[in-house]
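Biologist: Please take a close look at the one disulfide that a search of the whole structure finds, and then at the aromatic contacts. Which cysteines form the disulfide, and how far apart are their sulfur atoms?

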Amino acid sequence: MPLFGYMMPFLLFITIIANTLIVVVLAQKHMRTPTNLVLLAMAISDLLTLLFPAPWYFYMYTLNNHSKILFPTAACYAYHCMIETIPAFFHTASIWLTLLLAVQRYIYVCHPTTARTCCTVPKVWNAMAWIYFFALVHQSTRFFDRIFQSIRFRWEGGLHEGCISMTADWVRDVITENIYYTGYYVFRILFVHVGPCLALVIFNVLLFSALRKAQLKRDKLFKENRKSECKKLRDSNCTTLMLIVVVTVFLVVEIPMAVTTLLHVMQNALELNIADYDDLNTTILFINFLIILSYPVNFAIYCGMSRQFRETFKDLFLQGRIPSAREGSSRYSLVNGPRTSTNETIL
């Protein structure tokens, strides 16, 4: 009740505003660079992850209906999809988009010649399309693995109607529940939670190491009075640092979720007594809330660490004008430092 009934409406309001501002700014024509497109998709995915379950949070907890019986079956099915399946789809996409962001920046920094061919806008669009496709395929069976039927029952001296949830026949009789759910959650552990988190930690360490080397190179250029190259390297370092911070914030909330999900699945699949079941569920509840709490943080990171984002935001919402593509091309890119033409400069 305190988390989802009282705090969630306020957090939803803040998240909608913050992520909508991110989407509007990054969708501007002069901002459409490969990395900005990934950041834009991440903002949309995070926003939709919260928007779909929000009506149920409001109905169940803010309006204090959590103790009432949910009925009819259409409402039960909608609750299942909007609370579990659809948010899991968008959150899975957001995780893989974050991994794409880290890989892309690693290529920019450590393999700049390769970046000219593989980190183009069309290829980023293609990669994001595949991410959403595979995330949808991964979650597709969850739309049909349960059936909901009406049921009448006596409770507290009265006759009531409600929904009963059962495993679908094709799961129970063809695949079996053990194989189906074990396969689903093992895949989530390996390719949605633990695997991407480990990969992001590695890429973050590599990027931080490259950042330190670049800083030493910048100091050398500064001593040699090569100001133009020094300025380009400084802006590239600022972009790399900003993306390291974005990924770090993501890892702070996602690693506990990966560990808790792993323990949860091990306890159920292997019948191990690792931790109290209710304690694990409560932990997941709080971690989910922290993940939602982290969504507006990216807006603060972009405003604090990206000059181009700040200037575009100021032009759109404070001065009420839309920057032209030519004007935007002369400003500092959120991705790769200064640009001297409408084509992105890859450093």
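Modeller: The disulfide comes first, followed by the aromatic contacts and the annotated spans.

This is a predicted model, in which local features need pLDDT of at least 70, side-chain atom pairs count only at pLDDT 80 or more, and totals for chains, interfaces and linings use all residues. Residues are numbered from 1 along each chain as its sequence is written, and side-chain values use heavy atoms, with hydrogens and water left out.

The whole structure holds one disulfide, a term for a pair of cysteine sulfur atoms within 2.5 Å. The partners are C76 and C163, with sulfur atoms 2.0 Å apart. Their link is right-handed, with 85° about the S-S bond. It joins distant parts of the chain, 87 residues apart: C76 belongs to helix α4 (residues 73-110) and C163 to strand β2 (residues 158-167). Helices (H or I, at least four residues) and strands (E, at least two) are DSSP runs, numbered from the N terminus. C76 has a relative accessible area of 7% and is buried, whereas C163, at 23%, is partly exposed. Here buried means under 20% relative accessible area, exposed over 50%, and partly exposed in between (1.4 Å probe, protein chains only). Two other cysteines are buried: C81 at 6% relative accessibility and C197 with a relative accessible area of 6%.

Turning to the rings, the structure holds 22 aromatic pairs. Rings of Phe, Tyr and Trp (its six-membered ring) pair if their centres lie within 6.5 Å; planes under 30 degrees apart count as stacked, over 60 as edge-to-face and the rest as tilted. One of the pairs is F133 with F134, edge-to-face at 5.5 Å centre to centre and 65° between the planes. Both rings belong to partly exposed residues, F133 at 43% and F134 at 44%. Y184 and Y185 are also edge-to-face, because their centres are 4.9 Å apart and their planes at 85°. Y184 is buried at 9%, while Y185 is partly exposed at 32%.

Y184 has a further contact: the charged end of R142 sits over its ring, 4.9 Å from the centre. That term requires NZ of Lys or CZ of Arg within 6 Å of the ring centre and within 35 degrees of the ring normal.

As for the spans, the unreviewed UniProt entry lists residues 124-144 and 185-211 among those under "transmembrane region"; such annotations may be inferred rather than shown by experiment. Residues 124-144 are 81% helix, with end C-alpha atoms 32 Å apart. Residues 185-211 are 100% helix, and their end C-alpha atoms lie 36 Å apart.
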